[in-house]
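Q: I'm new to this one and would like a close look at a single part. Please take the place where two helices pack together, and then show me a few spots elsewhere.

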Amino acid sequence: MKQINQSEQKNQIQQKNQIQQPEPAGDGQAIQHQAGLDSKGPKEHKIISVLPGSIADELEISPGDVLVSVNDMPVKDVFDYHYQLNEEYLTVLIRKPDGEEWEYEIEKDYADDLGMEFENGLMDDYRSCCNKCIFCFIDQMPPGMRKTLYFKDDDSRLSFLQGNYITLTNMKEEDIERIILYKLAPINISIQAMNPALRCKMLNNRFAGDALLKIRRLCGAGIEMNAQIVLCRGINDGEELERSIRELTEYIPQMRSVSVVPAGLTRYREGLYPLKPFTKQEARGVLEQIHRWQDACFRKWGTHFVHAGDEWYLLAGMPLPPQESYDGYVQLENGVGMLRLLLDEFYQALDAEQDMDELPAKKITAATGMLAAPFIRQLAKAFMQRHPQTQIEVVAVRNDFFGEQITVAGLLTGQDILKQLQKKQLGSCLLLPCSLLRSGEEVFLDDMTVSGLKKALQVEIVIVNSNGQDLYDAFVNPFQEKDAGRIGDNYEQTNCSDSRAAERRKVDAV
């Protein structure tokens, strides 16, 4: 239930009110005020859309208006905004395009949103990385790609909103206080090594070792965290990995999980730190080390805690672990358990078939990266055994653009797909995983579009969500309309401006 004070609803302000600095009250109020200001002065936020029927719509707030303040306080970012909105009585200052300012007094339910979206989803500048990591993937990208792909984000707010991993190296005391105040959790931290000196070397930042102390601070405040270790052969593996896992267990249960993933090495490494890929035998050694720690952690804490990225199992030629080993897939978006979940969901859908009419005869092609191709072939074979009138060819697309060592589907480009499929008989349609596309758009990493690829290949293209049920449905009828609920789960996230959907999913936790 909401009420708008009509006597003050459109109180035109001819001169902008000065925001007075309040007297320090509690720590929370002081932090909230400090968060709204920076060296450039108060931030203002342009409104790009207003939800029909919302409070803002009833107030006749329009796209193009600018939010100046809430409760006489400037708004630094999306967290400040929603934190201040969690009141039953609000004063909102809006500036119209002609420069006039209107103040609105609003009475609403505590959790009601005003229904405004802003030009910048984060409502602040995105923080870039100040490190020069020896394994950085962005440093291994070729020139000439779109600018957003070269932006290195290291922003704790995106860790909460999008699941990005941060190094903690560019966080000030104010940032830690804001995480604690707003209870932003979980925070995903890219550890690499718990040896401070080694971490400084790997991140090429002399403060990187000291930054690890922030983990203890967050742990003491009860903030949940996940950790990632990008493993580099001969650098932070072996005894160093042993030390890192051992010291990270000291933060259980606030530290919920640790993933260990191999460094991705492209063919564009000229002038960079010399890194070599892991061998099959070395991958098996890494898995043996992780499995030993999983057993120990499960006996002591009831959690497997440390998890291996899917790539390790394929490189080692070892079977994937069962579902229960992934502790609820806590690091799914980091490529941990993605293949296991895909298999389980697909077979569950296949086993649930009941009295299905005979499917029409058809041939379809499914293209994916080298990593997932053997598993998609396995699923296609199981489906064709049940439905022999359906012919499915699975094509493993080699990554010529970045180099053959990059095997995940999410880093394939449109040009590689085109080159390797243009002479094939693709059947009635081509299935592609949604992880190939730029967030929220139909654009590949190399800026080729889905429509451009469709025209070049002369075939219908169907984008399949990243789960087993949707893959099964695509095999049954590739052209049926699907709920987009899980589209984009594994989209490329380099463009940090595409965070609004994630905000809406998580903002209730603020």
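A: Helices α12 and α15 are oblique to each other, oblique being any angle outside the ranges for roughly parallel (under 35 degrees), roughly antiparallel (over 145) and roughly perpendicular (65 to 115). Their angle is about 50°, and their axes are 11 Å apart; α12 covers residues 373-386 and α15 residues 468-476. Axes here are lines fitted to C-alpha atoms over the stretch in contact, with angles from 0 to 180 degrees between N-to-C directions. Helices are DSSP runs of H or I with at least four residues, strands are E runs with at least two, and both are numbered from the N terminus.

The crossing of the pair is right-handed, so the near helix is turned clockwise from the far one by less than a right angle. On the α12 side the contact (heavy atoms within 4.5 Å) is made by I376, L379, A380 and F383, and on the α15 side by L471, Y472, F475 and V476. By class that gives 8 nonpolar residues, no polar and no charged; nonpolar covers Ala, Val, Leu, Ile, Met, Phe, Trp, Tyr, Cys and Pro, charged covers Asp, Glu, Lys and Arg, and the others, Gly among them, are polar.

A word on what you're looking at: this is a predicted model, where local features need pLDDT of at least 70 and side-chain atom pairs count only at 80 or more, while totals for chains, interfaces and linings use all residues. Residues are numbered from 1 along each chain as its sequence is written, and side-chain values use heavy atoms, leaving out hydrogens and water.

Zooming out, the protein chain has 16 helices and 15 strands. Of its 510 residues, 54% count as buried, meaning under 20% relative accessible area with a 1.4 Å probe, protein chains only (exposed is over 50%, partly exposed in between).

Now for some loops. L275 sits in the one between β10 (255-262) and α9 (280-301), and it is buried at 13% relative accessible area. Leaving aside neighbours within four places in sequence, L275 touches I134, F135, C232, I235, L265 and R269. Follow α9 onward and there's F305, in the loop between α9 and β11 (306-308). F305 is buried too, at 0%, and its phi is positive, about 65°, although it isn't a glycine. Finally, on the other side of β10, P253 lies in the loop between α8 (239-248) and β10, and a cis peptide bond joins I252 to P253, with omega about 10°.
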